[in-house]
Amino acid sequence: MCIRAHMDFLASDALRGRGSGTADELVAATYVGAQLEQYGIEPAGDNGTFIQQAPVVRRRLTAPPQLRFMTPGDGIPALTILWTHGKEMLALDLTDAKFKGPLKSVDTDLGGASLQQTAFSTSPTQAVPVAPTSDAVVLLRGKDQEKIRAATFAAVEGGAIAVLVPASADVLKNWDERGKELPKLPEKLEGSASGPALAEGGLNLFALSREALADLNGIPDGTTFYLETVVGPPENRSTWNAVGKITGSDPRLRKSVILLSAHLDHLGIGPPVNGDAIYNGADDDASGTVAVLELARVLAGGPRPKRTVIFALFGSEEAGGLGSAWFEQHPPMPLAEIAANLEFEMIGRRDPKYPGDSLWLSGWARSNLGPALAAHGAKLVADARPEEHFFLRSDNYVLARKGVVAQTASSFGLHADYHQPSDDIAHIDFKHMTAVIGSLIGPVEWLVNSAFRPRWNAGGRP
Ligand SMILES: [Zn+2]
């Protein structure tokens, strides 16, 4: 069985977790390219190959980062307050080596006028602040961790450059340990000024100690905060995508491309858990990669689709969507010709929230793509966990931000093996995986032969 064989290879210990931008990722991309070639798919990577290589720059901090601001000093001399990682604060996530921005405080426990809700950015049951946060350093006060988490996503969507939160009990417990380690700066595509595109890891997030929170008493909104770091010399690296295509048979529909994608990288070798240091990423996202391979095999084996179909397996999704960002900047055809992108993420286990072998589609209500596929037999349903912001958390978002109707199909049900070494073959439900891939063949065959061009619904385009 193809599904089992691909999984056995991609999620094996031999591939050492397909770490983003590692030689193991290149092996995975080469394997995927070789399979596409065997199916008779045309190469759509660099120089007539299936591989697209993206230059990546890595920078490392050489000292603990520091946040600095000044007290207002009305009447009394102003003081400079300096917080250091591991002491007054912890940098939980960094995307920038430095920034400056005005403070904006938000009390997440408050209801009413300062809170508003949008149809797509927040949970239906929870109003969280999405007040203007553009370029601000947003301080989220409050006691409810759930609300703070939701407000963090809302602040990022609102364009905040950084978010400060009270340290949770969990963070406090590991404060000293985490403080000893220097936070990692994300890798960037060579020549790109901005950080990675994905919300996860696409954020400057700081946990504040009680002492730091006390420092903030009487500090007015608008006070400028500065992040300062010391960074070593840049290291040049690479990440790899595997890309193939079937050129459409219809001269008109050929330029209305369907992109089927997944990410082939995972977390590689990491901190051991129960003696296991290999983060196999069987569900995340060997399963999605195999779904794309299977669809490629079936489509290449049947009558040539009317539309052009691109099969793209991205590298460095886990590093913030670098492979898909490179693809978006160097697409095999103009981006405007891509009518839809269907991304597959974590389809190797059932989501207990749904009966049978359904998949949910992230950002369901944002476009008419999901309903159209469902009308043609796909077991696709709306994502029932909008508070998780899955739409923002995978490669589809990189393309959606450029206007492409791009959404992710998944059956991830928040299992405990997520991003753990135990996301391995032993935890894959092959019956489910085979069923969902099988159920998608008909709807995808319809899509690649139809003239249907999905549209964003009002307000749905990010
Ligand atoms: Zn993933």
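The legends below describe close-up views of a predicted model. In this predicted model, local features need pLDDT of at least 70 and side-chain atom pairs count only at pLDDT 80 or more, whereas totals for chains, interfaces and linings use all residues. Residues are numbered from 1 along each chain as its sequence is written, and side-chain values use heavy atoms, with hydrogens and water left out.

**View 1. Coordination of the zinc ion by His-263, Asp-284 and Glu-345.** The zinc ion is coordinated at 2.0 to 2.6 Å by His-263 through NE2, by Asp-284 through OD and by Glu-345 through OE, the last of these being listed twice. Donors are N, O and S atoms within 2.8 Å of the metal (3.2 Å for Na, K and Ca), and sites may look incomplete because water is not among the atoms. The angles among the 4 donor atoms run from 54 to 151 degrees, and the site is irregular. That term covers anything that is neither tetrahedral (four donors, all angles between 85 and 135 degrees) nor square planar or octahedral (four or six donors respectively, opposite donors over 155 degrees apart and all others between 65 and 115).

**View 2. Sequence spacing and surroundings of the zinc donors.** The donor residues follow the spacing H-x20-D-x60-E. Asp-284 in helix H7 (residues 282–301) and Glu-345 in the loop between strand S17 (338–344) and strand S18 (359–361) are 61 residues apart, so that the pair links distant parts of the chain; helices (H or I, at least four residues) and strands (E, at least two) are DSSP runs numbered from the N terminus. Asp-284 counts as buried at 2% relative accessibility, and Glu-345 counts as buried at 8%, where buried means under 20% relative accessible area, exposed over 50% and partly exposed in between (1.4 Å probe, protein chains only).

**View 3. The cis peptide bond between Asp-284 and Asp-285.** Omega is about -5 degrees at the bond that joins these two residues, and Asp-285 is found in helix H7. Most peptide bonds are trans.

**View 4. Positive phi at Arg-16 and Asn-47.** Arg-16, in the loop between helix H1 (2–10) and helix H2 (23–39), has a phi near 50 degrees and is partly exposed at 42% relative accessibility. Asn-47, in the loop between strand S1 (42–43) and strand S2 (51–58), has a positive phi of about 50 degrees although it is not a glycine, and it counts as exposed at 78% relative accessibility.
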